[in-house]
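Reader: Please show the structure, and let us then discuss the ligand and the spaces that surround it.

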Amino acid sequence: MTITITAFERSPDGGKGLARDTRVRWALEEAGLPYEVRLVSFRAMKEAAHLALHPFGQIPTYEEGELALFETGAIVLHIAERHQPRLFPADANARARAIAWMFAALNTVEPPILDLVTVKFAEGDRPWKAERQPLVEDRVRIRLNQLAARLGDGDWLDGGFSAGDLLMVSVLLRLRPSGLLNEFPSLAAYVARGEARPAYQRSFAAQLAINAAPLAVG
Ligand SMILES: N[C@@H](CCC(=O)N[C@@H](CS)C(=O)NCC(=O)O)C(=O)O
C-alpha cells in the first residue's frame, strides 16, 4: 500500500533536516518502507484539503490506504508498531520503555527547546528577549543534564536503537545552532550516532534535495 507524507514545498531552514517530515522519513527509511511525498506551500497548509488531514494546518501528515495521521509521535509510533523489530524491541517491557522515551522526547525535552527557538526567532525583536533567553537556556540545560546522566556511556537510551532514540535525536538536533548541545559531549556524540545511521542520511538527503531544487512555477 502506498505511503504518502507531506512536507514543506520550501522549508524555513532551507532543508537542514529541522522540518519534522525528516523524522517521519527517517522512521520510514529505518523500516525499509518506500514512500511518496506531497509538497505543500504555507498557503495550501491552511486550506480545507490539508486541514482535513491535519486540523492544525501543519506538516507532516501520513496517508496509508484508509488511514490518515498527523503528529510525528503518532506517525512514528504507527510505523514502529506495524514494522517491528527495526524500531521497537521485541520484548514487551523494552517496547513500553521505548514508547516512554518517545513521549519523553516530545513532551519533556522538546518543549524547552522549542521555547528557545521561539525566544530567539519569533520573539527576537521583543524587549524581553535579553532577559528571557538565558532563563530558557538554563531550562534546556537542566533537561540535557538529566538526559546525559541517564544515557551515561551507552550508545542509545535503552539498549538497541529504537523509535525513542529516533525522536530524541530529532528533537536534540534543533539545538545544534545554539551551541548548547556541545556543552554536553555525550549528547553531541549521541546525536552524531543518530545522524550517521544510513537511514537518517537518506532521509536528510531526500528533504535537502527538495529544498535545493528550483520551485515549480504555475
Ligand atoms: N507537534 C507537531 C508539530 C508539527 C509542526 O510544528 N510542524 C511545523 C513544521 S516542522 C509546521 O507545519 N509549521 C508551520 C505552521 O505551523 O504553520 C508534530 O510533531 O507533528
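Reader: Which side chain has an N or O atom 2.8 Å from a nitrogen atom of the ligand?

Author: This is a predicted model. A polar contact is a pair of N or O atoms within 3.5 Å. A nitrogen atom of the ligand has such a partner at 2.8 Å, and that partner belongs to the side chain of Glu-71.

Reader: How much of the accessible area of the ligand does the protein cover?

Author: On its own, the ligand has 510 Å² of accessible area. The share of this area that the protein covers is 78%.

Reader: At what distances do the side chains of Arg-20 and Gln-58 approach oxygen atoms of the ligand?

Author: For Arg-20, a side-chain N or O atom is 3.1 Å from an oxygen atom of the ligand. For Gln-58, a polar side-chain atom and a ligand oxygen atom are separated by 2.9 Å.

Reader: How many residues of each class form the shell around the ligand?

Author: The residues around the ligand include Phe-8, Ala-19, Met-45 and Ile-59, as well as Lys-46 and Thr-72. Arg-20, Gln-58 and Glu-71 also belong to this set. Divided by class, the shell has three charged, two polar and four nonpolar residues.

Reader: Where in the chain does Glu-71 lie, and what is its phi?

Author: Most residues other than glycine have a negative phi. Glu-71 is not a glycine, yet its phi is positive. This residue is placed in the loop between β4 (67–70) and α4, and its phi is about 80°.

Reader: Which peptide bond is cis?

Author: Most peptide bonds are trans. Pro-60 is in the loop between α3 (48–51) and β3 (61–64). The bond that leads into Pro-60 has omega near 0° and is cis; this is the bond from Ile-59 to Pro-60.

Reader: Which residues are the closest to the centre of the largest pocket?

Author: The ligand takes up the space of the largest pocket. About 790 Å³ of space lies in this pocket. Its lining has 31 residues, and the closest to the centre are Leu-18, Ala-19, Arg-20, Leu-114 and Arg-174.

Reader: Which element gives the largest share of the lining of the largest pocket?

Author: By class, the lining residues are 17 nonpolar, eight charged and six polar. At least two of them come from each of α2 (42–45), α4 (72–82) and α5 (92–122). The largest share is nine residues, and their source is α5.

Reader: What is the volume of the largest cavity?

Author: The count of cavities of 30 Å³ or more is three. The largest cavity has a volume of about 70 Å³.

Reader: Which element supplies the largest share of the lining of the largest cavity?

Author: Among the residues that line the largest cavity are Gly-17, Thr-22, Trp-26, Ser-170 and Tyr-200. The lining divides into five nonpolar, three polar and three charged residues. Arg-20 is part of this lining and is also one of the residues around the ligand. The largest share of the cavity lining is three residues, from α1.

Terms used: Residues are numbered from 1 along each chain as its sequence is written. Side-chain values use heavy atoms; hydrogens and water are left out. A residue is near a molecule or strand if one of its heavy atoms lies within 4 Å of it. A polar contact is a pair of N or O atoms within 3.5 Å; within protein, one must be able to donate a hydrogen and the other to accept it, and residues adjacent in sequence count only if both atoms are side-chain atoms. Accessible areas come from the Shrake-Rupley method with a 1.4 Å probe; for residues, only the protein chains shown count as cover. On a 1 Å grid over the protein atoms alone, a cavity is a set of points where a 1.4 Å probe fits but cannot get out, and a pocket is an open set with protein on both sides within 12 Å along at least five of seven lines; lining residues have an atom within 4 Å of a point. A molecule sits in a cavity or pocket if more than half of its atoms lie within 2 Å of its grid points. Ala, Val, Leu, Ile, Met, Phe, Trp, Tyr, Cys and Pro count as nonpolar, Asp, Glu, Lys and Arg as charged, and the others, Gly among them, as polar. Grid points are joined across faces, edges and corners, and a volume is the space filled by probe spheres set on the points. Helices (H or I, at least four residues) and strands (E, at least two) are DSSP runs, numbered from the N terminus.
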